[in-house]
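Let's take a walk through this one, starting with a pocket and then working out to the contact between the chains. Keep the viewer open as you read.

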Amino acid sequence: MESDKNFVLGVYDDEDLLLNGIKDVRDGGVKIHEVYSPFPVHGIEAAMGYKTSRLSVAAFLFGLTGTCLALTMQIGMMTVDWPMIIGGKDFLPFPAFIPVTFELTVLLAAFGMVGTFFTVSNLKPWGKPRIFDLRITDDKHVMAVDLAKNGQSEEEIKKVLKASGASEVNNKNFV
Amino acid sequence: MHAESVVRQPLVTGGKTVHDITNDICGRVEEKPAKSWLLAMAISLTVLVIGGYYVGQLLWHGIGEWGLNKTVGWAWDITNFVWWVGIGHAGTLISAILLLFRQRWRMAINRAAEAMTIFAVICAAMFPILHMGRPWLGAIWALPLPNTYGSLWVNFNSPLLWDVFAISTYFSVSLVFWYIGLIPDFASIRDRATTKIRKAIYGALSFGWDGASKTWSRYETVSLVLAGLATPLVLSVHTIVSMDFATSVIPGWHTTIFPPYFVAGAIFSGFAMVLTLLIVTRKVYKLEDYITIQHIELMNIIITVTGSIVGVAYITEFFIASYSGVEAEQYAFINRAFGPYWWAYASMMTCNVISPQLFWFKKIRTNIASTFVISIIVNIGMWFERFVIIVTSLHRDYIPSSWAMFYPKAADIGVYLFSFGFFFTAFFLFAKFFPVINMAEVKSILKTTSEKTDK
């Protein structure tokens, strides 16, 4: 069977059922493809075994770039390229450079992190999502199990899903 | 004996289910525009067009159209700028600072407050840009671009340039913060869409969101880090705006108290504007179960706290002026309170210091009508605060022969009207075509804080 084509879906009615369900399904030896929710569910990272996101590291590095860029720009313009005495200040009036440095740090950190988030999560205006169930963005949590990536038969998987608290168990095939 | 902790009031009332939230919020986007909306839109567009005429006049003839004179070189323009920037402080404060403090009541109001922030910052930016006289050359004057004057760079010692960076960073980071939150809600509208056009538009706006848990987990990290970045940003913006005045040598402006005092004033006026807008939106869209009296009460408490900080700042300024022994400084403050602009000072004191104190009475702070009236009074007061600071410090300068008064001309009023027209047109468009409440966030707290679960 080709992978990433044929799925069994467990539909859960609320976030606590889902969290218990994830644990049961993983204990039952079934590999979960992905879980889809209408809102962020706390504790799902631990249940699914996700590592801590490194997006905050990305934000820090982008911020650092902003700091360096801002200082280089200001010192380059005001101190190196065309030094002038303004208000009796030094050619390198460091305190006066702090506001712009701070703003550019925040700007680059925010835009860099959000750009990274869009890239790694494949979010783009022309993106065509694979929608497993239209109710995912309304009120249902859906657990997708890829049939090709699991050793068990379809019936066994459905049984595990049902036992884990899913209110519905459906098939979803993508061409 | 056993003591039971006081159970918090539910944030979502009316026994709503998750599906009800989707229906209530998406339904407003999907239905045909109501007559009241069309009427409101027609009024704000009319104001926009009338104001637009004066903006055209100003661009054609130059800023001589304003009532500025040799002595009062800054008046309504900068008053309006600071006023709008101040209003633009509530949105990011609600979404960033209240997120860091884990205040879940922010979830029902953050979307509209952030939208208001973005529109208010655009309105604010309008004034310094128009004040340039020839705004199309503004990029050369305000941005550090290579040029053929030597290169004569922009002056990084100047708080006016810090403002350029602060306002544009604040605008763009707030916009991104707001948009990240909108993506999952746009996906909800996309998945309910019955027409092809709606599906295509909200499909593009939702960036291909599929609700995967991995994406949600990253989304949460991004929100938290953005909140951490936006918190000092909010505080920095009005600090830098206040430095436009505080770093000068004009008596009445040259005060070190300005940064915290301006930030408190900004939050004060921002929350007042959020209340003005949300009380109407809540009524028209029947959102009483999401924006409850408790939400309104909590916002009123913030208004009382920040209003009191502002009041203390007014009095401190007076004390410091007298204690400093600097005659010019003392005269600036005596002139402010008892000079020819005493009425502006009195309006400011009444609206900003006295009116929010009424919220000490629970009856007043939990009453919709009184909250609505006071929220408008607060913003009138905050406009007068900026007018008082700017005009009364300038109008009697160092040579008595050049003392003058400021009288607004049609263009002063017209451009101010234009900013109102823009603000309300943008807000009404937002209220019709965007989900006014952050559905995903409200859904996430429903299980722990709705009436159903508390029982």
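Which residues lie nearest the centre of the second largest pocket? Keep in mind that we're looking at a predicted model. The residues in question are A:Pro40, A:His42, B:Arg102, B:Met107 and B:Glu220, out of 29 that line the pocket. So much for the middle; now for the rest of the wall. Helix α1 of chain A supplies at least two lining residues, and so do α4 (90-100), α9 and α17 (439-449) of chain B. Of these, α9(B) gives the largest share, with 6 residues. The lining is a mixed bag chemically: 9 nonpolar, 10 polar and 10 charged residues. As for the space itself, the volume comes out at about 690 Å³.

A:Pro40 turns up again when you look at the contact between the two chains. Chain A brings 60 residues to that contact and chain B brings 54. Together with A:Glu103 and A:Thr137, A:Pro40 supplies 12% of the area that chain A buries against chain B, and no other three residues supply more. Overall, the two chains bury about 5200 Å² between them, with 69% of that on carbon and sulfur atoms.

What about specific polar pairings? There are 0 salt bridges between chain A and chain B, but 17 residue pairs are in polar contact across the interface, counting pairs with both residues at pLDDT 80 or more. On the chain A side, several elements each put in at least two residues: α1 (15-27), β2 (34-36), α2 (44-48), α3 (55-81) and α4 (94-120). The largest share there is that of α4(A), at 17 residues. Sort the chain A side by residue class and you get 39 nonpolar, 9 polar and 12 charged.

That leaves the largest pocket, which has a volume of about 830 Å³. Its lining runs to 30 residues, and the ones nearest the centre are B:Pro128, B:Met132, B:Ala142, B:Leu160 and B:Val164. Five helices of chain B each contribute at least two lining residues, namely α3 (76-87), α5 (110-131), α6 (138-142), α7 (159-192) and α9 (213-246). You've already met α9(B) in the second largest pocket, where its share is the largest; in the largest pocket that role goes to α7(B), with 8 residues. By class, this lining splits into 23 nonpolar, 5 polar and 2 charged residues.

Key. Residues are numbered from 1 along each chain as its sequence is written. Chains are lettered from A and ligands numbered from 1 in the order in which they are written. This is a predicted model: local features need pLDDT of at least 70, side-chain atom pairs count only at pLDDT 80 or more; totals for chains, interfaces and linings use all residues. Side-chain values use heavy atoms; hydrogens and water are left out. Contact means heavy atoms within 4.5 Å. Buried area is the accessible area (1.4 Å probe) that two parts lose on being put together, summed over both. A salt bridge is a side-chain nitrogen of Lys or Arg within 4 Å of a carboxyl oxygen of Asp or Glu. A polar contact is a pair of N or O atoms within 3.5 Å; within protein, one must be able to donate a hydrogen and the other to accept it, and residues adjacent in sequence count only if both atoms are side-chain atoms. Helices (H or I, at least four residues) and strands (E, at least two) are DSSP runs, numbered from the N terminus. Ala, Val, Leu, Ile, Met, Phe, Trp, Tyr, Cys and Pro count as nonpolar, Asp, Glu, Lys and Arg as charged, and the others, Gly among them, as polar. On a 1 Å grid over the protein atoms alone, a cavity is a set of points where a 1.4 Å probe fits but cannot get out, and a pocket is an open set with protein on both sides within 12 Å along at least five of seven lines; lining residues have an atom within 4 Å of a point. Grid points are joined across faces, edges and corners, and a volume is the space filled by probe spheres set on the points.
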